[in-house]
Amino acid sequence: MKTISIAGLTFKGPYPITSNFLESAGVYVISTGDDWVDVGETDSLSSRITNHERKHCWSGYGNRNSLFLSFYPERNSKQRRFIESKVRQQLNPVCGVK
């Protein structure tokens, strides 16, 4: 399994954004080779990525073949929001708000 350290946490990935993801709960990071593009949390990863309202922003930093997703599984919604905030603060992604 591929892993990457982000903000002191071990995330699964990065995987191409075109991969098939499970409906898992956790925190995700969208990236290119050069930019941290977005950070978010969800209880249904596959649906969230498929229907994400900021996809238009992501495409400004890469196409479907150059965007990657890393994922940190977390079922507890309060903990997910805490982790998302911590990661977003450290990475300062180009899409989304703090």
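A residue counts as buried when its relative accessible area is under 20%, and Arg 80, at 6% relative accessibility, therefore counts as buried in this predicted model.

**Salt bridges**

The structure holds 5 salt bridges, three of which are set out below with the distance between N and O atoms.

| Pair | N to O distance |
|---|---|
| Asp 38 and Arg 54 | 2.7 Å |
| Arg 80 and Glu 41 | 2.7 Å |
| Arg 54 and Glu 53 | 3.8 Å |

The partner of Arg 80 is Glu 41; because Arg 80 belongs to helix α3 and Glu 41 to strand β4, their salt bridge ties together parts that lie 39 residues apart in sequence. Glu 41, with a relative accessibility of 22%, counts as partly exposed.

Arg 54 takes part in a salt bridge with Asp 38 and also in one with Glu 53. Asp 38 sits in strand β4 (residues 36-42), whereas Arg 54 is found in the loop between α1 (45-50) and α2, so this pair connects parts 16 residues apart in sequence. Asp 38 is buried at 0% relative accessibility, while Glu 53 counts as partly exposed at 47%. Through shared partners, salt bridges join Asp 38, Arg 48, Glu 53, Arg 54 and Arg 88 into one network.

**Disulfide**

The model contains 1 disulfide, which joins Cys 57 to Cys 95 with an S to S distance of 2.0 Å. The link is left-handed, with -90° about the S-S bond, and it connects distant parts of the chain, since Cys 57 lies in helix α2 (residues 55-59) and Cys 95 in the segment after α3 (77-91), 38 residues apart. Cys 95 is buried, its relative accessible area being 0%.

Note on methods: Residues numbered from 1 in each chain as written. Predicted model: local features only at pLDDT ≥ 70, side-chain atom pairs only at ≥ 80, totals over all residues. Heavy atoms only, no water. Disulfide = S-S within 2.5 Å. Helix = DSSP H or I, 4+ residues; strand = E, 2+ residues; numbered from the N terminus. Buried < 20%, exposed > 50% of the residue type's maximum accessible area, 1.4 Å probe, protein only. Salt bridge = Lys/Arg side-chain N within 4 Å of Asp/Glu carboxyl O.
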